[in-house]
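Welcome, and please open the structure in your viewer. This tour tells you what to select at each stop and what you will find there.

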Amino acid sequence: MNDFFFFLLDNLKVFWNYTGFANVEMGHIIMILFGITFIFFAIRYEFEPLLLIPIGFGILIGNVPFDLSANLEIGIYEEGSVLNILYQGVQKGWYPPLIFLGIGAMTDFSALISNPKLILVGAACQFGIFGAYIISLQLGFAPTEAASIGIIGGADGPTAIFLTSKLAPHLLGAVAISAYSYMALIPVLQPPCMRLLTTKKERLIRMKPARMVSQSEKIIFPIAGLLLTAFLVPSGLPLLGMLFFGNLLKESGVTRRLAETARGPMIDVVTILLGLMVGVSTQATTFLTAASVRIFGLGALSFIIATCAGVLFVKFFNLFLKKDNKINPLIGNAGVSAVPGSARMSQIVGLEYDSSNHLLMHAMGPNVAGVIASAVSAGLMLGFLY
Amino acid sequence: MNKLSSYAILFLALFSFTNCSNRISNPPLVINEVLVINEENFVDDYGRRSGWIEIFNNTAKTQDIGGYYLTNDKSDPKKYPIPKGDVLTKIAPHHHVLFWANNKPYQGTFHISFELDPDRENYIALFNESGEKMIDEVTIPNGQLADQSWGYKMDGEKYAQDGTLLLTLLDKVTPSTNNFTLDKNEKVEKFRQNDKFGASMTITSMLVVFGALILLYLVFRTSGKVSSKLKQKKGERLSISKEGVTTSSGPISGEVLTAIFMALHEDQNEIHDFENTTLTFSSVNKNYSPWNSKIYGLRELPRR
């Protein structure tokens, strides 16, 4: 009877050692609180809920502590575990191109095609990426790490994940969380910069309505877009190829089912997996470092630089444009590729000053140009540093 | 039209920069390193020394050389058939395999049926499964010194950009490992040393990003103008009636407006798929079976 009692006690001790309570550290608690905050903001304020809920819940999953020495093959960093297999899509960078396929299939580039000069605003916003790159270098980050931090300024989560998985995989969690968090915080970060850098007169500029774009032009766009950009920057091929392919599925008019799958169920599935795995990858032991805190700071800075660069570029561009052809600088912020969040911001701020001046369709031009430009920038940095 | 021709010239100029030269490409499988006289060098599994030939997979996919042929005789390309079915003949991307030239093929897959001759130049070639297509060949010059190997400084890089053969006496002998190893990522080191402030990266990248998007801008500006002109011409053609009277200035009928709104509605909802709308009539043959009879599926109400 005594033996049985000791055996039972031993069993309970072993069980206790397996539990999260026995293995919990302060880092886990902090990360769990982070996860709950993400979920709260997503539900309460609807800040990018499609991303923040999977990421937030992923943080909870990733920070449930367990006994690593038990070799249970359940952790994301344990080779062969289910989570590890799902994480391969992030680590090897094949989720982001699939997301780009969906983005291509859901994006209407006609705003860009009808007013192609807005493409250049998308290019100007890439200063955010390289501004943050310069600052990161000065703060002592290696060039590969600085590039991964800089890409946060592209405001494009999949691109940031794709580049970081290649150049600085150890920063993947911090960069991905930072990129998606700031995309959710666009309504907080962008309007002050837009107001600060524009005069009231500029905010009231009315832009000419966009012309109708023919079906042929829409079909030519993905083909010419791919050939021109990918020939110049082949290292961006996985992203650019999928983006333009998705768009051709949409615009060809004969592959409706494929386009619907790409922009519907497929992108949803990949978004779920990508968001969740990014969250899970933020285990306290690997995530809670001083570098992560600096990455968060630099990420915000790169967003701000990108926004300012876009607005200032439009003001500069206006110097060369005829009076009736001027661009409202409030669409300059939309050159970051957070589609359609930043274009929506142009519309909201524009309406504050003129309730009948709708900037949304004009802002979609630089917005989608930003997607192309950030993929090109990522390809360039990959080519230079990988 | 002048603008159009200037764009055409711009594109021609751009494409003239493209590299369409007949650059000799490196083979997918390269005879990467050869050691003819082995006195104090690498030892095989049997504890013996002999000359060896290293083959490098120059591609990004696994290559199985089982069934291929190694030879030192141009007139006999099938001299040593590399056995099929050996898992070790599968060479991972950018990996190597080593063959012992000891004329003892009975000792295993990697012991070939000829030796390297220290007293004359050695021709070595790798042929494909049919023995007809030569994949790579190399000639190691006569007068070899012991324990010195010939090969390519950079693994798999047989030719320089101008087509010069890069075969050379190597500084160090590296059987089954890379001829060139990196301590650091050279590209990153270059940036670390020469671009401390990130200015070079920023300027280059911004120029390329702007360049790429300016190209897109020019293409779509041109295509937009062409499209508008075509539309205009089409419109003009349609608006001229048989009597030569234009109808575009007249009031638009209700039917036309309906058609326009319908088209807009379809466009916005992307209902522009070309569906197969062929209607067919074909009789459906159903063989009778009590299992699919409705009578047996119905419940009879209880009789009072």
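Start by selecting chain B. Among its contacts between residues at least 6 apart in sequence, 61% join residues at least 24 apart. Bear in mind as you go that this is a predicted model. Colour chain B by secondary structure, and five helices and eleven strands appear. Chain B has 304 residues, and buried residues make up 35% of them.

**Stop 1: two loops in chain B**

Zoom in on the loop between strand 6 (90–91) and strand 7 (96–101) of chain B, where H94(B) lies. What is the phi of H94(B)? This residue has a positive phi of about 60°, although it is not a glycine. For background, most residues other than glycine have a negative phi. H94(B) is partly exposed, with a relative accessible area of 41%.

Now select S176(B), in the loop between strand 11 (168–169) and helix 2 of chain B. Here too is a residue that is not a glycine, with a positive phi of about 60°. S176(B) counts as partly exposed, at 36% relative accessibility.

**Stop 2: where the chains touch**

Show both chains and look at the interface. Here 41 residues of chain B are in contact with 50 residues of chain A. About 3800 Å² is buried between the two chains, and carbon and sulfur atoms give 73% of that area. Which elements of chain B give two or more residues to the side that touches chain A? They are helix 2 (186–194), helix 3 (199–239) and helix 4 (254–268) of chain B. Highlight helix 3 of chain B, since the largest share, 23 residues, comes from there.

Colour this side of chain B by residue type, and you will find 20 nonpolar, eleven polar and ten charged residues. How many salt bridges does the rule find across the interface of chain B and chain A? The count is zero. Residue pairs in polar contact across the interface number two, both at pLDDT 80 or more.

**Stop 3: a serine in helix 3 of chain B**

Select S205(B), which lies in helix 3 of chain B. Is S205(B) buried or exposed? At 0% relative accessibility, S205(B) counts as buried. Its side chain reaches the backbone oxygen of M201(B) at 2.7 Å. Leave aside the neighbours within four places in sequence, and S205(B) is in contact with F130(A), L380(A) and F384(A).

**Stop 4: a helix in chain A**

Move across to helix 13 of chain A, residues 186–196. Show the side chains of its buried residues: I186(A), L189(A), Q190(A), P191(A), C193(A) and M194(A). Which elements do these buried residues pack against? Look for helix 12 (172–184), helix 19 (290–318) and helix 20 (341–353) of chain A.

**Stop 5: the cysteines**

Finish by displaying the cysteine sulfurs. A disulfide is a covalent bond between the sulfur atoms of two cysteines. Over all chains, the structure holds zero disulfides. Why is C125(A) without such a bond? The closest cysteine sulfur, in C308(A), is 9.6 Å from the sulfur of C125(A), which is too far for a bond. C125(A) itself counts as buried, at 1% relative accessibility. Now select C308(A), which is in no disulfide either. Its nearest cysteine sulfur belongs to C193(A), 4.1 Å away, and C193(A) is one of the buried residues of helix 13 that you displayed at the previous stop.

Definitions and conventions: Residues are numbered from 1 along each chain as its sequence is written. Chains are lettered from A and ligands numbered from 1 in the order in which they are written. This is a predicted model: local features need pLDDT of at least 70, side-chain atom pairs count only at pLDDT 80 or more; totals for chains, interfaces and linings use all residues. Side-chain values use heavy atoms; hydrogens and water are left out. Contact means heavy atoms within 4.5 Å. Buried area is the accessible area (1.4 Å probe) that two parts lose on being put together, summed over both. A salt bridge is a side-chain nitrogen of Lys or Arg within 4 Å of a carboxyl oxygen of Asp or Glu. A polar contact is a pair of N or O atoms within 3.5 Å; within protein, one must be able to donate a hydrogen and the other to accept it, and residues adjacent in sequence count only if both atoms are side-chain atoms. Helices (H or I, at least four residues) and strands (E, at least two) are DSSP runs, numbered from the N terminus. Ala, Val, Leu, Ile, Met, Phe, Trp, Tyr, Cys and Pro count as nonpolar, Asp, Glu, Lys and Arg as charged, and the others, Gly among them, as polar. Buried means under 20% relative accessible area, exposed over 50%, partly exposed in between (1.4 Å probe, protein chains only). A disulfide is a pair of cysteine sulfur atoms within 2.5 Å.
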